[in-house]
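Me: I am new to reading protein structures and would love a close look at a single part of this one. Please begin with one residue and then walk me outward from there, step by step.

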Amino acid sequence: MLGRFLTKLRNSYRRRGAVGTVRNTLRRAVQALKEMTPAGRRFSRRREESDRDFDTRFGVDTGGLIQLNQFQIPSEAWAFGNPYGAIHPDDFARLLGVLPVRHNEFTFVDYGSGKGRAVLLASERPFKKVVGVEFAPELDRIAHHNLGKFPAERRRCEVELVCGDALEYELPDGPLVCYFYNPFGREIMEGVVARIEESYRRNPREIYVLYANPLESAAWDKATSFRKLAHNGDYALYRADPAAVPQHYSEPLAAHGA
Ligand SMILES: C[S@@+](CC[C@H](N)C(=O)[O-])C[C@H]1O[C@@H](n2cnc3c(N)ncnc32)[C@H](O)[C@@H]1O
């Protein structure tokens with residue numbers, strides 16, 4: 001037992017370094033303590049019920065809470081990723097309700113889409129397109145399978161599933177909703193924020209960030225191109241701020257290989 005713990009600690013140190021290991025251990029300890037409280041147990045029960053109901057109803061497989069070390073993920077970022085667990089359908093409906101958008105103009109991007117439950121639920125709205133980005137190939141495969149099973153008559157827009165790292169995903173042109181359900185830690189979130197800000201400065205357009213269970217919202221609070229519209233314990237909503245883009249923005253020299 002102690003041997004296994006020390007091996008895990010050594011592996012974590014190699015991947016995350018000392019600070020990352022301490023932070024990750026604390027995060028897991030806090031999570032374990034939360035799960036033991038009455039509220040935590042209620043949350044787990046609610047999750048199990050919603051997993052069962054949603055999956056049975058649509059003949060899909062979106063349930064479960066799965067640690068990322070169960071998967072073969074070809075990215076260093078896996079050490080900072082959070083476990084797979086799907087959003088509750090009622091919570092997702094409430095989140096979409098706060099979006100002040102004309103669906104047909106916006107592409108909805110789920111960063112860390114897992115087995116694709118949020119993607120399926122978003123596809124019931126008339127978005128221009130829904131994209132899921134997931135770096136665990138096993139989860140991406142299940143999401144493709146789920147997409148095939150989901151009743152075609154419920155789908156109101158095109159769906160694209162991308163198997164890859166959120167840090168490398170190139171955002172499409174046009175208005176966007178970037179959705180996060182607590183997919184990763186600060187290290188990755190800061191990189192993703194930087195990429196989205198860069199995309200916005202290069203091509204200013206309407207961008208909303210909808211962040212459920214916003215544990216790393218500090219990364220968005222610091223983003224100079226985004227303004228916070230709402231924040232409570234359950235979600236945070238940000239909007240790209242046109243005033244933050246210089247009138248004659250030119251790409252950084254590094255982008256041209258200088
Ligand atoms: C909490 S689940 C969210 C699932 C889904 N978005 C939903 O709302 O039901 C987080 C997901 O993010 C994925 N993930 C974590 N880090 C990632 C990264 N760097 N790139 C892509 N996906 C990542 C995990 O594999 C996991 O499937």
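Reply: Let's start with Cys163 and its sulfur, keeping in mind that this is a predicted model. Why does Cys163 have no disulfide partner? Its closest cysteine sulfur belongs to Cys178 and lies 19 Å away, so the gap is too far for a bond. For a disulfide, the two sulfur atoms would have to be within 2.5 Å of each other. As for its surroundings, Cys163 is partly exposed, because its relative accessibility is 41%.

Cys157 makes a helpful companion here. The nearest cysteine sulfur to Cys157 is that of Cys178, 15 Å away, and Cys157 takes part in no disulfide. Cys157 counts as buried because its relative accessible area is 11%. By the 2.5 Å rule, the disulfide count comes to zero.

Now let's move into strand S3, which covers residues 158–163. Two residues in this strand are worth your time: Leu161 and Val162. Are they buried or partly exposed? Leu161 is buried, because its relative accessibility is 15%. Val162 has a relative accessible area of 21%, so it falls in the partly exposed group; the cut-off for buried is under 20%.

Their contacts show what lies around the strand. Setting aside residues within four places in sequence, Leu161 touches Val119, Gly132, Asp140, Ala143, His144 and Leu147. Counted in that way, Val162 touches Val131, Gly132, Val133, Glu134, Asp140 and Tyr169. If you look through both lists, you will find Gly132 and Asp140 in each.

The chain also brings residues together here that are separated in sequence. Val162 and Val131 are 31 residues apart along the chain, yet their C-alpha atoms are 7.2 Å apart in space. For Leu161 and Gly116, the separation is 45 residues in sequence and 8.5 Å between C-alpha atoms.

From here we can step across to Ser113, which sits in the loop between strand S1 (107–111) and helix H4 (117–122). Beyond its neighbours within four places in sequence, Ser113 is in contact with Val119, Gly132, Val133 and Glu134. You have met these names already: Val119 and Gly132 also touch Leu161, while Gly132, Val133 and Glu134 also touch Val162. Ser113 counts as buried because its relative accessible area is 6%.

Glu134 now leads us to the ligand. Which residues come nearest to the ligand? Out of the 25 residues around it, they are Ile87, Gly112, Glu134, Ala166 and Tyr179. Polar contacts involve some of these residues. A polar backbone atom of Gly112 is 2.8 Å from a ligand nitrogen, and one of Ala166 is 2.9 Å from a ligand nitrogen. On the side-chain side, an N or O atom of Tyr179 lies 2.8 Å from an oxygen of the ligand. How much of the ligand does the protein cover? On its own the ligand exposes 610 Å², and 98% of that is buried by the protein. Sorted by class, the surrounding shell contains 15 nonpolar residues, seven polar ones and three charged ones.

Following Tyr179 along the chain takes us to strand S4 (176–181), and Asn182 lies in the loop between S4 and H6. Asn182 has a positive phi of about 40°, although it is not a glycine. Its relative accessibility is 14%, so Asn182 is buried.

At the other end of H6 (186–202) you will find Asn203, in the loop that leads to strand S5 (207–212). Asn203 is partly exposed because its relative accessibility is 26%. Leaving out residues up to four places away in sequence, Asn203 touches Asp173 and Gly174. By contrast, Asn203 and Phe127 are 20 Å apart from C-alpha to C-alpha, with their positions 76 residues apart in sequence.

Our last stop is Asn213, in the loop between S5 and helix H7 (217–221). Asn213 also has a positive phi, near 50°, and is a residue other than glycine. With a relative accessible area of 29%, Asn213 is partly exposed, whereas Asn182 is buried.

Notes
Residues numbered from 1 in each chain as written. Predicted model: local features only at pLDDT ≥ 70, side-chain atom pairs only at ≥ 80, totals over all residues. Heavy atoms only, no water. Near = heavy atom within 4 Å. Polar contact = N/O pair within 3.5 Å; in protein donor to acceptor, adjacent residues only side chain to side chain. Areas by Shrake-Rupley, 256 points an atom, 1.4 Å probe, with all protein chains shown as cover. Nonpolar A, V, L, I, M, F, W, Y, C, P; charged D, E, K, R; others polar. Buried < 20%, exposed > 50% of the residue type's maximum accessible area, 1.4 Å probe, protein only. Helix = DSSP H or I, 4+ residues; strand = E, 2+ residues; numbered from the N terminus. Contact = heavy atoms within 4.5 Å.
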